[in-house]
Every structure is written in C-alpha cells, then in structure tokens.
Amino acid sequence: MGLLLAGPTHDGGFMEAGYNGAKRAEQQFGAQITVIDRVAPKQPELEAAMRDLARGGVDLVVAQGGQNNAAATVVAAEFPQTKFVVTQSDVTGPNLASYEVLQEQSAWLAGAAAGLLTKSGVVGHMSGIRPVPGLKGRAAFVDGVAHTNPVARVLTNFSGDQDDIALARRIAIAELDAGADYIFTMLNAGRPGVAEAIRTTGKGRQFGNVRDFAADDPAVFAGSAVADSGEAVFRAIDDFAHGKLHGGENVRIGLESPEAVRLTLAPDVPDHVRAELDRLRRQIVDGEVEVKTTYAGPEFPNP
C-alpha cells in the first residue's frame, strides 16, 4: 500500500497519527508500505504524489486528511484497478472510500470541559488550515462551550499554518492576553508554540487533540480531545486485507469506540466536572445531544 501525508511523518499530531496507524498495520498484517510525506497541501502536488504511488504498483493508496478530497477524486478515476481511501473525509467513488474518526465529538467534549472550567469566561481555539474536519472540530468545540457555559466567549483563530511554532506562540499569547484561560489547539508541529506561550506568560492551559497530550504534560494540558486518525488508517488497511474495503463507503468512528475517540483529562480536573462530561459523552453516543458542525461567528485575527 501507499500512504500520502501532507506534512512530516513526525509532526507530533495528525500526520504522525496516520503514520503510526499504517505502521501498526505493517506489523500486524505484514503490509508493505510506501510513504510519501511532506507533500504541500495543494491539489496539484497531492495529485502528483497519488499518481506516483499508483504507478508504483500499490494495491491501496491511503491519503491522510480531507485536504486530499479533490485530488483523490481525480486520481482514483485515472487508476480504476487501485483502491483509494481518504481519511477524515466523506468523499467516495467506485474505487474510493472514506474512513473518518469523528473528531468533532471529542472536540465538543473539550468545549464542554472548557466551559465548565473557565474562570475568566473566555476560552480560545487555534488551528491552521481549513479542511472540513477542522472546521467541524472548531464548530463542535464552540457548541460544547455554549452547552455548559452559554455566557462564555470563544476566541477562534485559523492562522493558515499548522506547523509554524513561532506563529502559534504569537497567537496563543494574543489569546491569553485577551482573557482566554483555556485554549483548544488543533495544530500539528506548531503546537509546542502554545505550550511555550503558556509557560512564558504563566497564564492558561491547553486542550490538545488527536492524541493524549494530557498524559505527556498535565501541567500545560488540562485535557485532550483524542481523535486517533491512525485508527482510520489502520481500519482501512485491515478491511482491505480482509476483502471488506469497498468503494462508495464512508466509514465513521465515534465516541462509541473509545480506543479511537475520547476526551482525556489531567489528574487535577475536579470529579464533578469528570462526572458531568461522562454524562454528556453518554448522551452524544445515545443521540440525545446533537453535535453542531457549522460555525458562522467572528474570528480572532493573527497578531
């Protein structure tokens, strides 16, 4: 199989999660994996990388992230004998499927937690580029905040870059100075800039995403909206290996699969907050709470 990453394999976030999922499949199924990483998230470059993989004779191409939607639609049509999968997407075709971990569900819980924990009544959100899953995650976070704290204000920023540490640090300082005491970071290699800002200013804490950052640094991270897209990559390869991967399908993985989607919390988060978040988690799984995935409000500008 071939794996396409629009970023480095070791970005500490989304791309690394996909890479780890592929490596897990390599170990369990003996899959032979060709990786092309650091591809610019632009359609011509993504198409070229997919063609290189398909021409190389792979049976399956997995492209990590919804930024690959348009490119995958084009290239899958050119190679009808090759199976294609895009993660964090809903794009489909005769030989094209999508596998999506519902990061909006854990992002909603992170928003609910921030709403319960904030003392200032102001919380932040930071991301880089705007693929559909990132937009859904931002909207869900804002909705979660509103659910538990209707009067809280959310400062939301898309900087244009997932990986720029210095830029992330500047934006985090600006949001902290504007009153945010919790910031939800949907970043990749740029995420350490937010930790630097928190340590430098002595203000605020982070909620991470993708993996459990709270386990790594609970002093900086109050929690993490785990949405392990590596599970999407792994399940796609697993299904392919067992003849269960079919074009036209959109496989969705949510809070009912806690190995893939969950909210983790730092040890100092109060028990009553944990209990309320668990109640809300069950309501989402049971369909009693609808997670909103659109946002039309103001945005916090780059400083």
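**Exercise 1.** In this predicted model, find out whether Glu259 is buried, exposed or partly exposed.

*Solution.* Start with the number: Glu259 has a relative accessible area of 45%. Next, recall the cut-offs: buried is under 20% and exposed is over 50%. The value for Glu259 sits in between, so Glu259 is partly exposed.

**Exercise 2.** Work out which residue Glu259 pairs with in a salt bridge, and where the two partners lie.

*Solution.* Step one: the side chain of Glu259 meets that of Arg235, at 2.9 Å from N to O. Step two: look up the places. Arg235 belongs to helix 9, while Glu259 is in the loop between strand 11 (250-253) and strand 12 (261-265). Step three: these parts are 24 residues apart in sequence, so the pair ties them together. Now widen the view: through salt bridges that share partners, Glu259 and Arg235 join Arg24 and Glu231 in one network.

**Exercise 3.** Look at Arg235 and Glu231, and describe how they are spaced and how accessible each one is.

*Solution.* First, the contact: Arg235 makes a salt bridge with Glu231, with the closest N and O atoms 2.9 Å apart. Then the spacing: both sit in helix 9 (residues 229-241), 4 residues apart, which is about one turn of the helix. Last, the accessibility: Arg235 is partly exposed at 23%, whereas Glu231 is buried at 8%.

**Exercise 4.** Explain why the salt bridge between Glu299 and Arg138 ties together separate parts of the chain.

*Solution.* Begin with the distance: the closest N and O atoms of Glu299 and Arg138 are 3.1 Å apart. Now place them: Glu299 is in the segment after helix 10 (271-285) and Arg138 is in helix 5 (residues 132-148), so the bridge links parts 161 residues apart in sequence. Check accessibility too: Glu299 is partly exposed at 37%, but Arg138 is buried at 4%. For the whole model, the salt bridge count comes to 18.

**Exercise 5.** Which residues of the largest nonpolar core touch the most other members, and which helix gives the largest share?

*Solution.* Here's the background: in soluble globular proteins, nonpolar side chains tend to be buried together. Now to this model. The largest core has 78 residues, and Trp108 and Phe207 touch the most other members. Its largest share, 8 residues, comes from helix 4 (residues 103-117). Don't stop there, though: another core of 21 residues lies apart from it, including Val122, Leu155, Ala168 and Ala214.

Key: Residues numbered from 1 in each chain as written. Predicted model: local features only at pLDDT ≥ 70, side-chain atom pairs only at ≥ 80, totals over all residues. Heavy atoms only, no water. Core = buried A, V, L, I, M, F, W, Y, C linked by side-chain atoms within 4.5 Å. Buried < 20%, exposed > 50% of the residue type's maximum accessible area, 1.4 Å probe, protein only. Helix = DSSP H or I, 4+ residues; strand = E, 2+ residues; numbered from the N terminus. Salt bridge = Lys/Arg side-chain N within 4 Å of Asp/Glu carboxyl O.
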